[in-house]
Amino acid sequence: MKASAIWATVGVGLDLTGAIALASVAIWLISRRDRFGGAGTAIVIALFLTALWSLACAASIATPTVTFAPALAESARNLAWLVVVYRLFASDGRDASVAPIRPVIFALGAVEVLHLLVNSGLSRLEMDNEVLTVAFDFNVMFRLLVTVGGLVLAHNLYAGAPRESRAALRWPASGLAILWAFDLNLYTIAYLAGNWPYDIAALRGVAAAAMAVCIGIGGALNRDDLRIRPSRAVTFQTFSLLVIGVYLVAMVAVAQWLSYAGGNFARLVELAFLTLGSAAALVVLPSRRVRGWFKVILAKHFFQHRYDYREEWLRFTRTIGSDQSAPLGERVVQSIADVFESPAGLLLTPGDLGELTLAARWNWREIEVPAIAMAVQDIAWFERSGYIADLDDVRAGREGDGEVPSWLIEHPRAWAMIPLVHYERLVGMVVLARPQIVRKFDWEDFDLLRVIGQQVASYLSENSSQLALAESARFEDFHRRIAFVMHDIKNLASQFSLLARNAELHAEKPAFRADMLVTLRNSSDKLNALLARLSRYGSGGVDRVENVSACEVLTMVMERFKAYPHVILAESRDLTITASRHSLEQVLVHLVQNAVDASAPGSPVFISLGLDGGNARFEVLDSGTGMSADFVRNRLFKPFVSTKSGGFGIGAFEARELVRAMRGRLDVESREGLGSRFTVRLPLSTATDTYLNSTYSDQRVA
């Protein structure tokens with residue numbers, strides 16, 4: 001089959017396709033023509049005339065003797081679209097405000113009518129080749145004149161329109177620009193070549209179909225109805241085939257160019273290029289990274305977003321701000337869990353030494369969270385990268401460089417870890433439970449989670465700042481009040497001491513005198529001890545630190561609770577620690593008393609002393625009511641917060657401060673309804689000696 005026959009077949013098919021598209025849009029637009037205002041009827045007529053022109057073009061290709069009908073149809077088409085342009089200008093009043101519009105349109109219409117008359121007359125005459133050439137050039141010049149004028153009008157129709165009118169004019173102006181831009185190129189090539197370019201003219205149906213699409217989009221009341229929504233898999237496969245096709249065409253084009261320009265080494269250069277290009281394609285195209293990038297690009301630009309961001313933001317705001325009865329930590333977890341319909345979650349926040357500890361749990365009571373949920377050294381990578389970890393990928397060994405705690409990997413419901421970063425500082429970590437319908441995270445999930453995570457992190461940081469300010473204000477008030485208390489107690493102690501001295505000098509009965517002295521001296525000692533403890537509030541000071549037998553201190557504590565048979569010494573070891581005997585006894589007595597108060601009558605409370613590396617480990621374990629993670633995190637060690645009626649609220653705070661002053665650590669593990677475990681770790685005397693010796697040696701070397 002010759003090339004001319006192939007182009008003829010292609011031209012007929014495309015012209016018929018364009019005619020069908022134009023007629024379909026015209027019929028569909030009849031009942032909707034008011035959407036274009038006063039130009040609606042003119043657009044419908046112009047579409048039908050353009051469809052007839054496409055049919056005439058198809059007929060002229062199939063029957064070459066038919067020559068005047070396509071020209072007549074094209075003139076009618078152009079006149080109809082000039083009327084449409086005039087009506088569109090009139091829709092916003094510019095036909096009157098812009099003076100040259102009417103003369104230009106009338107002039108172009110006159111040129112088109114004149115061209116039609118001249119062309120009709122010439123078609124009835126018999127002319128030689130030279131006259132035919134002149135007539136052809138004359139015909140093309142007339143077409144170019146109308147086409148250029150039409151493009152200028154289409155440009156001014158949209159570019160000169162007010163901003164509020166551009167949305168309605170965008171698609172009709174685009175359709176006219178496509179049709180007349182194709183004609184401009186077609187007639188320009190015809191004029192320069194001196195003959196009709198049948199191969200390019202065969203593509204007129206493409207311009208007609210594109211115009212039909214533009215008018216159809218412009219006439220759609222709900223333009224979302226015209227949005228193509230193929231599945232993501234189909235789109236990705238189609239796009240992959242398109243990329244491969246473009247690659248093959250590019251390879252052939254470059255190879256042909258090399259063959260043409262390569263000289264004596266053309267074949268060698270062509271083969272080398274094909275080899276390198278094929279090798280690069282085999283390496284790059286199967287890459288998971290490249291395929292993932294393609295999927296993200298397609299999802300971003302071919303599909304509507306999965307989330308309705310307005311609804312997500314409103315729901316997030318309602319969750320965070322409306323239900324003030326729930327603790328902030330639980331609301332934080334819920335606000336993120338709702339995005340993925342996750343049924344439960346945890347909030348981990350930095351502890352005193354930077355490690356992550358449990359701050360709140362939401363609907364997830366069965367998971368066991370250790371006292372140190374995530375070590376300090378494992379936090380830095382998440383803080384630096386803001387990486388959102390998919391725990392299923394971690395279990396499969398497909399994750400990044402972050403170290404995920406083993407207790408999360410081993411729990412089957414743990415699904416994702418979302419770091420909360422505020423000003424490049426990790427203020428928390430949310431752990432989500434697996435939803436009923438599990439899916440993989442994609443770019444849109446990550447974008448939304450990062451935004452919500454940053455917002456949540458700002459809430460947590462602001463809340464921490466407010467709590468610190470409130471605590472500082474309470475401390476200031478407490479110190480101011482305690483100064484008066486200390487002054488009064490000091491006066492009372494002086495009076496007791498004076499009374500004791502006077503009684504010692506003037507009492508007549510020896511028995512009374514002795515008894516009075518003992519009573520007064522004991523009272524004086526107790527008041528002075530209370531004065532010393534009150535003086536330490538806010539400074540963290542303790543009595544003199546020395547080598548103390550941990551077993552002896554524990555025996556003294558058990559002696560204090562000998563009236564409580566359910567206080568049981570589970571384990572004891574002969575260990576020597578560096579501590580303050582009085583302060584350590586005070587801490588243990590407070591912890592045991594709290595355990596007794598929190599337990600049911602007769603419920604056992606276990607005390608143990610063991611070895612933990614270079615530390616002695618005191619444990620107080622009860623099976624009482626327990627405490628929530630929120631209470632442990634935000635209230636247990638806060639001064640002036642007490643669950644006891646009439647309580648001062650400084651016992652737990654004082655215990656922790658005393659332990660810290662002895663270079664120790666106090667940890668808490670608690671579950672509501674199950675009980676609590678308080679662990680006090682204090683350095684062994686040998687470890688303290690080693691530390692002091694090494695410090696002294698370093699100073700000597702320095």
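**Figure 1. An open sheet of five strands in the predicted model.** In this predicted model, five strands are arranged side by side in the order β2-β1-β5-β4-β3, and they form an open sheet whose pairing is antiparallel. The edges of the sheet are taken by β2 (356–362) and β3 (389–390), each of which has a single partner strand, so one side of each remains without a neighbour in the sheet. At one of these edges, β3 is joined to β4 by two bridges, and these two strands run antiparallel. Within this pairing, D390 has A416 in β4 as its bridge partner.

**Figure 2. Helix α14 against the sheet.** Helix α14 lies across β1, β2, β4 and β5 (425–433), and the direction in which it runs makes an angle of about 70 degrees with β2. The loop that follows, between α14 (328–337) and β1 (345–350), holds F340, which is the subject of the next view.

**Figure 3. An aromatic pair between a loop and a strand.** Among the four aromatic pairs that the structure holds, F340 and W415 form one that is edge-to-face, with 5.7 Å from centre to centre and 80 degrees between the planes. Because F340 belongs to the loop between α14 and β1 whereas W415 belongs to strand β4 (residues 414–422), the pair ties together parts that lie 75 residues apart in sequence. Both F340 and W415 are buried.

**Figure 4. Further aromatic rings and a charge over a ring.** F561 and Y564 form a tilted aromatic pair, with their centres 5.9 Å apart and 55 degrees between the planes. How does the exposure of these two residues compare with the cut-off of 20% relative accessible area, under which a residue counts as buried? F561 is buried, with a relative accessible area of 4%, while Y564, with a relative accessible area of 31%, is partly exposed. Elsewhere, W381, F382 and Y387 are linked by ring pairs into a cluster. A contact of another kind involves W53, since R77 lies over the face of this ring at 4.4 Å from the ring centre.

**Figure 5. Strand β10 and its two antiparallel partners.** Strand β10 (residues 615–622) has six of its eight residues buried, so the strand is largely enclosed by the rest of the structure. Strand β9 (residues 605–612) is joined to β10 by eight bridges, and the two run antiparallel, with G610 standing opposite R617 in β10. The hairpin of β9 and β10 has two residues between the strands, and in this hairpin G613 takes a positive phi near 65 degrees. Strand β12 (residues 675–683) also pairs with β10 in the antiparallel sense, over eight bridges, and the bridge partner of N615 in β12 is P683.

**Figure 6. Helix α23 and the residue that follows.** In helix α23 (residues 651–661), the buried residues are A652, F653, E654, A655, R656, L658 and V659. Just after α23, R663 takes a positive phi of about 60 degrees.

**Figure 7. The whole protein, as a setting for the close-up views.** The protein contains 24 helices and twelve strands, and 40% of its 702 residues count as buried. Of the contacts between residues at least 6 apart in sequence, 68% join residues that are at least 24 apart. The accessible surface of the protein comes to about 38300 Å², and 60% of this surface belongs to carbon and sulfur atoms.

Key
Residues numbered from 1 in each chain as written. Predicted model: local features only at pLDDT ≥ 70, side-chain atom pairs only at ≥ 80, totals over all residues. Heavy atoms only, no water. Helix = DSSP H or I, 4+ residues; strand = E, 2+ residues; numbered from the N terminus. Buried < 20%, exposed > 50% of the residue type's maximum accessible area, 1.4 Å probe, protein only. Contact = heavy atoms within 4.5 Å. Areas by Shrake-Rupley, 256 points an atom, 1.4 Å probe, with all protein chains shown as cover. Phe/Tyr/Trp six-rings, centres within 6.5 Å; stacked < 30°, edge-to-face > 60°. Lys NZ or Arg CZ within 6 Å of the ring centre and 35° of its normal. Pairing = 2+ DSSP bridges. Axes fitted to C-alpha atoms, helices over the stretch in contact; angles between N-to-C directions.
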